[in-house]
Amino acid sequence: AQDRQWLKDLFTAMAPLKKKWVCHPILNDDEILKLAADAGAWYVYQAVFNTSDVIRDRIRRLKDHGIGIEGTIILGTDDQSEDDIKRLVDFLLEVELDLAEFTIMTPFMHSPIRRKFEEEGRILSNDWSLYTADKVVFQPKQMTPAKLQELYHYAWDTFYADGGYQL
């Protein structure tokens, strides 16, 4: 929901309920973020796909309002190199992301990325038991499948090296 007035009305109505809740991104607006926090927003699922100032600012603003962030990070996009993925993990630690969920880009059936990879001959397996978002089933553009699989484990191990989220 990105309708500013609708969000104001919703969060104002929710505040007296004193419930804690989570959601996908909230409009990046200080008034809306304050109302969301006052209404019990505990944390937000936020896609983190690069190390831009836009993402850095979004995370800071959520934190400034006391809202935690669970980053959803897709690894293996065509524009990512090994160095890009390592920089992304460093960035997540630097901005003190609360939680991270790393997934390997997965070309699920009937998706546009599946059609693209089929056309490019990049599908490596049609064993659907491997389509779990933690296994490489396609040929990445800038690295070997084994390297992407290694980087997936690197991301989890590095981000949670100190034990992960601390309450």
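**Exercise 1. Find how many bridges join E1 to strand E2, and how the two strands run.**

*Solution.* Start with residues 41–47, which make up E2. Three bridges link this strand to E1, and the two run parallel. Keep in mind as you go that you're looking at a predicted model. For a landmark, pick Val22: its opposite number in E2 is Tyr43.

Now step back to the whole sheet. It's an open one with four strands in the order E1-E2-E3-E4, and the pairing is parallel. Its edge strands are E1 (21–23) and E4, each of which pairs on one side only. On average, neighbouring strands here are turned by 15 degrees against each other, ignoring direction.

**Exercise 2. Work out which aromatic pairs Tyr43 forms with Trp42 and Tyr45.**

*Solution.* A search of the whole structure turns up eleven aromatic pairs. Take Trp42 and Tyr43 to begin with: their ring centres are 4.7 Å apart and their planes sit at 65 degrees. Planes over 60 degrees apart count as edge-to-face, so that's the label for this pair.

Next comes Tyr43 with Tyr45, with 5.5 Å centre to centre and 70 degrees between the planes, again edge-to-face.

How accessible are these residues? Tyr43 has 13% relative accessibility, and the cut-off for buried is under 20%, so Tyr43 counts as buried. Trp42, at 43%, is partly exposed, and Tyr45 is partly exposed too, at 24%.

**Exercise 3. Sort the residues of E4 into a covered face and an uncovered one.**

*Solution.* Here's the idea to use: side chains in a regular strand alternate between the two faces of the sheet. Walk along E4 with that in mind. Ala100, Phe102 and Ile104 belong to the covered face, while Leu99, Glu101 and Thr103 belong to the uncovered one.

Then check the neighbour. E3 and E4 run parallel and are joined by six bridges. Glu101 in E4 stands opposite Thr72.

**Exercise 4. Explain why the buried residues of H4 lie on the same side of the helix.**

*Solution.* First get the helix itself straight. H4 covers residues 82–94, and its 13 residues reach 19 Å from first C-alpha to last, close to the expected 18 Å. The buried residues in H4 are Ile85, Leu88, Val89, Phe91 and Leu92. They span an arc of only 160 degrees around the axis, so they end up on the same side of H4. The general rule helps: an α-helix has 3.6 residues a turn, so residues three or four places apart point the same way.

What do those residues pack against? Their partners are helix H3 (53–64), strand E3 (68–75), strand E4 (99–104) and helix H6 (145–159). Just past the helix, look for Glu96, which follows H4 and has a positive phi, near 55 degrees.

**Exercise 5. Describe which residues of H6 are buried and which are exposed on its other side.**

*Solution.* Check the length: the 15 residues of H6 should span 21 Å, and the end C-alpha atoms are 21 Å apart, which agrees. Now list the buried residues: Leu148, Leu151, Tyr152, Ala155 and Phe159. Because their arc is only 105 degrees around the axis, they sit on the same side of H6. Over on the other side, Ala146 and Asp157 are exposed.

Finally, place the helix. H6 lies across E3 and E4, at about 175 degrees to E4. Its buried residues pack against E3, H4 and E4. Look as well for one aromatic cluster, made of Phe102, Tyr152, Trp156, Phe159 and Tyr160.

Notes
Residues are numbered from 1 along each chain as its sequence is written. This is a predicted model: local features need pLDDT of at least 70, side-chain atom pairs count only at pLDDT 80 or more; totals for chains, interfaces and linings use all residues. Side-chain values use heavy atoms; hydrogens and water are left out. The expected span of a helix is 1.5 Å times one less than its number of residues. Buried means under 20% relative accessible area, exposed over 50%, partly exposed in between (1.4 Å probe, protein chains only). The arc is that of the directions from the helix axis to the C-beta atoms. Contact means heavy atoms within 4.5 Å. Two strands pair if DSSP finds at least two bridges between them. Axes are lines fitted to C-alpha atoms, for helices over the stretch in contact, and angles run from 0 to 180 degrees between N-to-C directions. Rings of Phe, Tyr and Trp (its six-membered ring) pair if their centres lie within 6.5 Å; planes under 30 degrees apart count as stacked, over 60 as edge-to-face and the rest as tilted.
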